[in-house]
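Student: Please take one part of this model and look at it closely for someone who has never seen it before. I would like one connected account, with each term explained as it comes up.

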Amino acid sequence: MSQIICHISDLHLPIEKKPTLLQLFNKRIFGFLNHTSKRKNIFKLENLDLIFNDINKSNDIHTVLTGDIVNLSLEDEFSSASQLLDHHFKEKALSVIPGNHDAYIKVDYKRSMSYLEKYFNKQNNSIDQEPFPYLKVINDIAIIGLSSAINSPPLMCWGKMSSKQINTLENILKSINGNNYFTIILIHHPVHKYGFMNLKGLLNRKQLLETITKYNINLVLHGHLHREVYNFIKIKDKFVPCIGAPSSSKMLNEKISYLQYKIWKKDDKWNFSVYRRLYDNSDKKFKTQDITKSTINV
Ligand SMILES: [Fe+2]
């Protein structure tokens, strides 16, 4: 039996309700000007709808969304995002983590990501407490959702994980060690360096890598770069793929795409393939491209 995981990212959903002056009296003013002058013409709901409809043609698929769901972290944006995702996904068919745009300024959890918490696996019942990292196990596939989302100064977009979160992650990895799960880590920022002096990347990437490379991880999935990216980390003589998905609402050269991973166990050994579902605006169709050989088998 195989499991298909779809990977979408960086939705940057349109801002439906104009923010008040008070809401913009901080870093948001930069993001709002950028959104109204440029981003709203790039990240489009109509592109996302095509992808959602394509995903929903099949049953038994699980989808992971690796952050940057909104733009300015306004409560109205999270409320709209929740309605949109609820419309397209059953609760158990989607796993969500936040990106830097989902913590654009310092916001309360209950006024932001809590709107999407049906897509986490929240262990505690407190409405104030953040649920990351979380663990979901689907057909022996362990999905661990992390949060690298922190607010940063204007024009910056770095990420960082708290030490508390890394400790909890280690406890989760210890608890499933020996279960022979196919283990996937979801994190918005790549675990490799990004930007000048890594200033667009994960600031404490080394601390995270020190922890995860002690355990049996099979795949790291991220967003943030708005394009397909393939890297590897070395864990116990194995090269583990780290794959970045393109923005699911952004059409580039008349094309949009998302990634699919087919995961299956044979003779107690895990296998997986990588596919691109590519929509070409000229023929208005999705095609599947098997990119396993050119990406993870290199
Ligand atoms: Fe991002």
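**A helix and the iron site**

Tutor: Helix α3 (residues 75-88) has 14 residues and spans 20 Å from its first C-alpha to its last, close to the 20 Å expected at 1.5 Å a residue, where the expected span is 1.5 Å times one less than the number of residues. The model is predicted, so local features need pLDDT of at least 70 and side-chain atom pairs count only at pLDDT 80 or more, while totals for chains, interfaces and linings use all residues. Residues are numbered from 1 along each chain as its sequence is written, and side-chain values use heavy atoms, leaving out hydrogens and water. Helices (H or I, at least four residues) and strands (E, at least two) are DSSP runs, numbered from the N terminus.

The buried residues of α3 are E77, F78, A81, S82, L84, L85 and H88; buried means under 20% relative accessible area, exposed over 50% and partly exposed in between, with a 1.4 Å probe and protein chains only. These buried residues pack against α2 (45-55), β2 (61-66) and β3 (94-97), contact meaning heavy atoms within 4.5 Å.

From β3 we can turn to the iron ion, whose protein donors are D68 (OD), N100 (OD1), H188 (NE2) and H224 (ND1), 2.2 to 2.3 Å from it. Donors are N, O and S atoms within 2.8 Å of the metal (3.2 Å for Na, K and Ca), and water is not among the atoms, so sites may look incomplete. N100 lies in the loop between β3 and β4 (134-138) and H224 in the loop between β7 (219-222) and β8, so this pair ties together parts 124 residues apart in sequence. N100 counts as buried at 6% relative accessibility, and H224 counts as buried at 8%.
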